[in-house]
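User: I'd like to learn how to read a protein model feature by feature. Could you walk me through one?

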Amino acid sequence: MRVSSPSYVSFILAALSGIAQVSGAFVEGDWVLTQDGTTGVSALQLAVTTETKIIILDKAEHNPLLTSNGTNAMAAELDLVTRQVRPLNGARSNVWCAGGGFLSNGTFINSGGNPSILSSSNGLQAIRQFEPCDDESCDIFDDSGARLRVTSPRWYPGVVRIEDGSLLLMGGSVLNNFINVIDINNPTYEYYPPKNINGFNGVQIPLKFLNDTMNANLFPYMAYLPNGKIFVAANTQTMIFDWKTNTERRLPDIPNGVRISYPYSGSAALLPLTPENNYTPEILICGGSNISDTLDGGLISSQSPASKQCSRMVLTEEGIAGGWKIEEMPIARTMGEMFILPDGRLILVNGAQTGFSGYANAADPVGDSNADHPSFTPVVYNPDAPEGSRFSSEGIPSSNIARLYHSTATLTANGTIFIAGSNPHEDICFDQYPTEYRAEYLDPPYMFQPRPNFTGLPSTIGYNQTFSLNLTMPSQVGNSSNGDNVTVVLMDLGYSTHGVHQSSRYVKLVSSVSQDGKTITVTGPPTPQIYPPGPGYLYVVTNEGVPSPGKKLLVGDGQSPPADEAARENMLDRTPSANVTFSQVRVAPTCKVSGGGETVTGSFPPTAITGSQTSVPTVTNSASGSPVTAPTVTSTSSMIPSSGSTFDSLKPTSSAPTPVSSLSESKGIQPSSISI
Ligand SMILES: [Cu+2]
C-alpha cells in the first residue's frame with residue numbers, strides 16, 4: 001500500500017487558514033471503474049436510502065422499466081449487492097426535476113416537479129414520501145398534492161435539512177423553462193412540514209435574494225451551518241441566511257463573474273467539519289460558467305467553455321473579510337457532481353467542459369445536448385494539501401460514458417462511488433448524447449485494502465451521546481495504545497441532482513480507542529446545528545485513509561420533525577390545488593420514439609389557446625403511417641395558478657399570466673404541433 005503523508009507545509013497552511021487536517025493520509029494507487037447493470041429509469045435524481053439500496057427518480061418518460069400497472073416507471077430502487085432494480089409503483093405525479101432530502105425520522109421526501117406528462121399527474125406542487133426499507137416492501141406515497149404539497153409550483157427547488165429535522169425548500173420556478181425569467185420565478189421559500197414562523201403561517205415566504213439572482217438562480221445551493229444559519233449560493237451571489245429571523249447577510253460574489261447555478265451549473269460542498277477546526281464551516285464551489293444569464297439559449301453555443309474556477313471561503317468574520325480564494329481545476333467543468341469521501345477528500349465526477357445545462361436550446365446543440373466535450377475523468381481534491389497541489393486524477397480511469405445533463409453520482413455506504421444517468425433529451429433518445437441507463441461503480445484504492453470494521457452501532461444516537469463500538473482493525477495497523485490510529489466520521493450522503501448534492505455533510509466525531517484496540521468509544525455530534533437530526537452513515541477510518549464500510553444510523557431522537565397541523569391547514573386553505581392545469585406539449589423535435597427508432601409527428605389542435613381545454617393530439621408514425629397512442633394534453637393560456645392565490649400576491653410584478661406562446665421560443669413548448 002502506498003500512502004501519502006501530508007507535508008508540514010500543508011499543515012501550516014491549513015492551520016493558517018483556520019482549518020485543521022481531516023485525516024493523516026490517503027491511500028494512493030489505481031482506482032477501478034466497473035460498468036455493471038442498468039438503472040431501469042434514467043438516473044436524474046438519486047439518494048442512498050440504506051446500506052445497500054439507492055432510490056432513483058427520473059421523470060415521466062418512456063423508460064423501459066414498467067410499473068406493476070404496465071406504465072413507464074418514473075422511479076426505481078437499486079440493490080447495490082444484486083445490482084437489480086425494482087420499479088417503484090407509487091409515484092403518481094411527475095417527479096421531473098424535483099428536490100429532495102431526508103427528514104429527522106429518516107423519511108425521504110421528494111418535492112416539486114413538473115406538469116403532467118404520459119400517465120403522471122401534475123407534480124409541480126407534489127410532495128412524495130418514501131420510507132427506506134431493506135426488504136423491498138417500501139414504495140413511494142404520492143397523493144398528487146392533495147394534502148402533501150408545497151405552497152406553490154417549484155421546478156428546480158433547493159432543499160436543505162435544518163436543525164429541527166424539517167426541510168427548507170427554496171426557490172424554483174412555477175413552470176419549466178430553459179432559464180428562469182421574472183414571470184415564472186418563485187422568489188420564496190417554505191418549510192416541510194409547514195411552520196408558523198415570522199408571520200407566515202405555513203405559507204411561502206418571499207426572499208429578496210431570489211429576485212436579485214435572476215436569471216440563473218434555479219437549484220440554489222444551500223449548506224446548513226454550525227451556527228444554525230444557511231449558506232446560500234445562486235448565480236454569482238452568495239449569502240448567509242438566518243431562517244429564524246428571515247434575514248439575509250450578503251457575502252462577496254463569486255469572483256470573476258462565474259455563475260454557479262442552473263443552467264450554468266457548478267457544484268459546491270461544505271468542507272469537513274471537525275473538532276480540530278472547531279467545526280468551522282468552509283465552502284468550496286467549483287465550475288460553472290461565465291455565459292451571460294440574459295441570453296436566450298439560441299444565442300449560446302454548446303462549445304462555450306465552462307469555468308475551471310474553484311472558489312473557497314471560510315465562513316468566519318475573518319474568512320469573509322478575506323473573501324473568496326480561487327484556484328483552478330485541471331479541466332473546466334459544468335454539471336459536475338462534487339461530494340466528500342470518507343477519507344476527507346472530495347471527488348468531482350460527471351459534467352462537460354463546454355456548454356450549459358438543458359437540451360434543445362443551444363444555437364448548435366450536439367444531438368439535443370446544450371453541452372459538449374464530456375468530462376470523462378474524475379478528479380479528487382484534497383482540501384488540506386498546499387494550494388496548487390490539491391487536485392489529482394492520478395490512477396483514476398476515464399469513463400467512456402458521457403454523463404451530461406441529468407446525470408448523478410453519490411458515495412454509497414460501503415465506500416464505492418455510484419455514477420449514473422445523463423439524458424439531455426425531452427424523452428428517451430439514443431442519438432448523441434443518448435439517454436443513459438448504464439450504471440458505473442468507481443472504487444477508490446481504499447476499497448482494495450484490508451479494511452477496519454465495527455459492530456454495535458446503536459440505531460439512533462443523540463447529541464453528545466457516548467457509545468462504544470466493537471472494533472476490528474486490519475492486522476497490519478495493529479492495536480492502538482494511544483487511541484489515535486483511527487478517526488470516526490459521520491456523513492450525510494445527501495441527495496444528488498443537477499450537480500447539487502443537497503444536504504450532504506461530513507462531521508468528524510470525537511473518539512478514543514481502548515488499550516486493547518478492540519473497542520472504540522465515540523461521542524455523537526455536539527449539536528443539531530453541526531449535524532441536523534436525521535439519517536447518517538458512520539465510518540471508522542484508519543490513519544492510513546482506509547474506511548470501514550459505512551453503517552446507517554439516525555442522529556437525534558429518531559422522531560418526526562415538528563408538525564404544526566394548524567400551519568398545514570392554513571397552507572392547504574390558502575394555496576391553490578396542485579391540480580391546476582398547465583400546457584405541457586413539450587417533446588423533443590429531433591428525437592425518436594423509445595425503442596422504435598421511427599419519427600412520429602403529430603398535430604395538436606387547436607393552434608391558439610384561450611382559457612383551459614383538453615385535447616388529444618393526432619399523432620402519426622411517418623414510417624408506417626399508422627396512428628400512435630397519443631397523450632391527452634390539457635392546455636391553458638395561463639401558466640400561473642388561479643388568481644388571488646398566495647403566490648400571485650407575492651409576485652414581484654403585476655404582469656399578466658404568461659401565455660404559452662411567449663414561452664415556446666426558448667424551450668420548445670409547441671402548442672401547434674408535436675413530435676415524439
Ligand atoms: Cu432538469
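Analyst: Happy to; we'll go from the overall picture to single strands, residues, a core and a helix. Keep in mind that this is a predicted model.

User: Let's begin with the whole protein. How many helices and strands does the secondary structure come to?

Analyst: There are 6 helices and 49 strands. Of the 676 residues in the protein, 58% are buried. As for contacts with a separation of 6 or more, 65% of them join residues 24 or more positions apart.

User: Now a single strand. Which residues of β13 lie on one side and which on the other?

Analyst: The general idea is that side chains in a regular strand alternate between the two faces of the sheet. In β13, residues 167–170, one side carries Leu167 and Leu169, while Leu168 and Met170 are on the other. These four residues are all buried, so both faces of the strand are covered.

User: In what sense does β13 pair with β12 and with β14?

Analyst: For pairing, look at the direction and then at the bridges. Strand β12 (residues 158–161) pairs with β13 in the antiparallel sense over 4 bridges, and Val159 has Leu169 as its bridge partner in β13. The pairing of β13 with β14 (residues 188–192) is also antiparallel, again over 4 bridges. There, Leu168 stands opposite Tyr191 of β14.

User: How many residues lie between β12 and β13 in their hairpin?

Analyst: The hairpin has 5 residues between the two strands, and Gly165 in the turn has a positive phi of about 85°.

User: How should I read a single residue in a loop? Why is Thr435 counted as buried?

Analyst: Count the neighbours around the residue, and use 20 or more other C-beta atoms within 10 Å as the cut-off for buried. Thr435 has 23, so it is buried. Its place is the loop between β33 (417–421) and β34 (438–443). Beyond residues up to four places away in sequence, Thr435 touches Ser42, Asn423, His425, Ile428, Cys429 and Phe430. Sequence distance is worth checking too: Thr435 and Val41 are 394 residues apart in sequence, with their C-alpha atoms 9.7 Å apart in space.

User: What about a residue in a strand? Is Asp372 buried or exposed?

Analyst: Asp372 is in strand β29 (residues 369–374). It has 22 C-beta neighbours inside 10 Å and therefore counts as buried. Its contacts, leaving out residues up to four places away in sequence, include Ser302, Gln303 and Val366. Asp372 and Gly351 are 21 residues apart in sequence and 9.1 Å apart from C-alpha to C-alpha.

User: Which residues touch the most other members of the largest nonpolar core?

Analyst: They are Ile56, Ala75, Leu168, Ile230, Val232 and Leu346, in a core of 170 residues. Because domain 1 (2–447) and domain 2 (451–555) both give residues to this core, it lies between them. For one of those residues, Leu346, the contacts beyond four places in sequence include Ala269, Phe339, Val380 and Pro383.

User: Last one: which residues of helix α4 are buried, and which are exposed on the face turned away?

Analyst: For a helix, look down the axis and see where the buried residues fall. In α4 (residues 565–574) they are Ala567, Arg568 and Met571. They fall within an arc of 100°, so they line one face of the helix. The face turned away from them carries the exposed residues Glu565, Ala566 and Asp573. On the buried side, α4 packs against β15 (196–197) and β16 (200–201).

Methods:
Residues are numbered from 1 along each chain as its sequence is written. This is a predicted model: local features need pLDDT of at least 70, side-chain atom pairs count only at pLDDT 80 or more; totals for chains, interfaces and linings use all residues. A residue is buried if 20 or more other C-beta atoms lie within 10 Å of its own, exposed if 12 or fewer, and partly exposed in between; C-beta atoms are placed from the backbone. Two strands pair if DSSP finds at least two bridges between them. Two residues are in contact if their C-beta atoms, placed from the backbone, lie within 7 Å. A nonpolar core is a set of buried Ala, Val, Leu, Ile, Met, Phe, Trp, Tyr and Cys residues joined through C-beta atoms within 7 Å. Domain bounds come from an automatic or database domain assignment. The arc is that of the directions from the helix axis to the C-beta atoms.
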